Amino acid sequence: MFTEFDLECMRRALTLAERARGHTSPNPIVGAVIARRGRIVGEGYHKRAGTPHAEPLAIKDAGKRARGGTLYVTMEPCCTYGRTPPCTDAILRTGLKRVVIATEDPSPKHRKRGVAILRRAGLKVQVGLFKDEATRMNPAYNKWITTGLPLVTLKAAMSLDGKIATRDGESKWITGPEARAFAHKLRAQHDAILVGINTVLRDDPALTVRTAPPPRRQPLRVVLDSSGRISLRSQLLSDRYRQNTLVITTPRCGVSKREEIQSRGANVLVAPLRGGAVDVRWALRQLGKQEITSILVEGGGEAIASFLEQGLADRIAFFYAPLIIGGNGAASAVAGRGVARLAEALRLKNLSYERIGNDLLVMAECSSA
């Protein structure tokens, strides 16, 4: 069905798509290649939302050489007007004869419609080349566009015995510089970073991406604070990114404190109570409406537990340092009630392990999500 040259071209399209990792939300990352007479004549990838998609960029790159050629694209071309015109229109104007698509667009607006439009126009359209690889490239988009909920990754840095701080609350730094640098890359790949109020009170984090070169935009900083305990002097409410902070509270936080937070330039969202705390599922739904497609939850233990206990976590990224802290009073990476029986424990799947400096990173998918 597919030749070795087809495989080569689609692999190239997948590689191109990865160049924009972390920059296209709420859109997916997409790469495209145009080939004619056994050689690649055009390439393109979607760089960020609101800019041209991969297909018209590849068409522009190919110019007149695209006529009679084959387009290889990692996701089904869009067929409706959004921030940009439909890619199907651009394809039909170009004179391409064949389109090879890795995976269909899961969006209800586009799924299979782009394929149908191209086929009705007489183009040969084939779907499924490297489908699994292309699908795995966009987990956040795939979840958000079909459910309205962001993809949730739980991140924690801990000792080998699962502690994220000593009994006196000291937590900087458990992991080494290499692991911390990798954690900033993780932040850059998410639309928002979320922590609980205990983490803010204990660590006063900045929750910014500090990479070289700096990111085009900083992720939204989100705090779960059911009672309005956040200090107005915290970095989140006083640094240059304070307008990029969202405090999610509940009716337990007084109106005056909400107004004080807003006076600092931050935003406040009042959520319903669930078990005496912020209703996390409701909060995720609201963030999804704001086109937040992915969230990195960085703790503390209670915040991480709230996502796990409600089955709202999709992935974990746990860093383990070669330390043993011990102590009943030392904070654990996962708090909450826990399970009574091993049969109730969350089973992870698709585990991967990576040594980063002297630390170990374990990544996995949460089977309950």
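**View 1. The β15–β16 hairpin of the predicted model.** In this predicted model, strands β15 and β16 form a hairpin with 2 residues between them. G357 lies in the turn and has a positive phi of about 65 degrees. The two strands are antiparallel and are paired over 7 bridges. Within this ladder, R355 stands opposite L360 in β16. Both strands also contribute to the largest pocket, each supplying at least two residues of its lining.

**View 2. The open sheet of 9 strands.** The strands follow the order β10-β9-β8-β7-β13-β6-β14-β16-β15, and the pairing is mixed. At the edges stand β10 (267-270) and β15, each of which pairs on one side only. On average, and with direction ignored, neighbouring strands of this sheet are turned by 20 degrees against each other. Helix α11, formed by residues 280-289, lies across β6 (151-159), β8, β9 (245-249), β10 and β13 (294-297). The helix runs at about 130 degrees to β10.

**View 3. Strand β13 and its two partners.** Strand β13 runs parallel to β6, to which 4 bridges join it. In this pairing, V152 has I295 of β13 as its bridge partner. A parallel arrangement also holds for β7 and β13, which are joined by 3 bridges. Here L194 stands opposite V297 in β13. Side chains alternate along the strand: S294 and L296 point one way from β13, while I295 and V297 point the other way. These four residues, S294, I295, L296 and V297, are all buried.

**View 4. The β7–β8 pairing and the surroundings of R221.** Strand β7 (residues 192-196) pairs with strand β8 (residues 220-224) in the parallel sense over 5 bridges. The bridge partner of A192 in β8 is L220. R221 also belongs to strand β8. R221 counts as buried because its relative accessibility is 1%, below the 20% limit for that class. Apart from its neighbours within four places in sequence, R221 is in contact with residues including I193, A206, L207 and T208. Other contacts of R221 include Q235, L236, D239, Y241 and R242, and also N244, T245 and L246.

**View 5. The open sheet of 5 strands.** A further sheet is open and has the order β2-β1-β3-β4-β5, with mixed pairing. Its edge strands, β2 (39-45) and β5 (124-127), each pair on one side only. Neighbouring strands here are turned by 15 degrees against each other on average, direction ignored. Helix α4 (residues 113-120) lies across β4 (98-103) and β5, and runs at about 155 degrees to β5.

**View 6. Strand β3 between β1 and β4.** Strand β1 (residues 31-36) and strand β3 (residues 70-75) run antiparallel and are joined by 4 bridges. Across this pair, A32 stands opposite V73 in β3. With β4, in turn, β3 pairs in the parallel sense over 5 bridges. L71 stands opposite V99 in β4. Strand β4 is mostly covered, with 6 of its 6 residues buried.

**View 7. A49 in the loop after β2.** A49 is placed in the loop between β2 and α2 (54-62). A49 counts as partly exposed because its relative accessibility is 25%, a value within the range from 20% to 50% that defines this class. When residues up to four places away in sequence are not counted, A49 touches H23, T24, S25, P26, N27 and R83. The C-alpha atoms of A49 and P28 are separated by 8.9 Å, although these residues are 21 residues apart along the chain.

**View 8. The largest pocket.** This pocket has a volume of about 950 Å³. Its lining comprises 38 residues, and R136, P139, A140, L151 and R315 lie nearest the centre. The elements that each supply at least two lining residues are α6 (139-147), α7 (177-188), β14 (315-321), β15 (348-356) and β16 (359-366). By residue class, the lining divides into 15 nonpolar, 13 polar and 10 charged residues.

How values were computed. Residues numbered from 1 in each chain as written. Predicted model: local features only at pLDDT ≥ 70, side-chain atom pairs only at ≥ 80, totals over all residues. Heavy atoms only, no water. 1 Å grid on protein atoms, 1.4 Å probe; cavity = no way out; pocket = protein on both sides within 12 Å on 5 of 7 lines; lining within 4 Å. Points joined across faces, edges and corners; volume = space filled by probe spheres on them. Nonpolar A, V, L, I, M, F, W, Y, C, P; charged D, E, K, R; others polar. Pairing = 2+ DSSP bridges. Axes fitted to C-alpha atoms, helices over the stretch in contact; angles between N-to-C directions. Contact = heavy atoms within 4.5 Å. Buried < 20%, exposed > 50% of the residue type's maximum accessible area, 1.4 Å probe, protein only.
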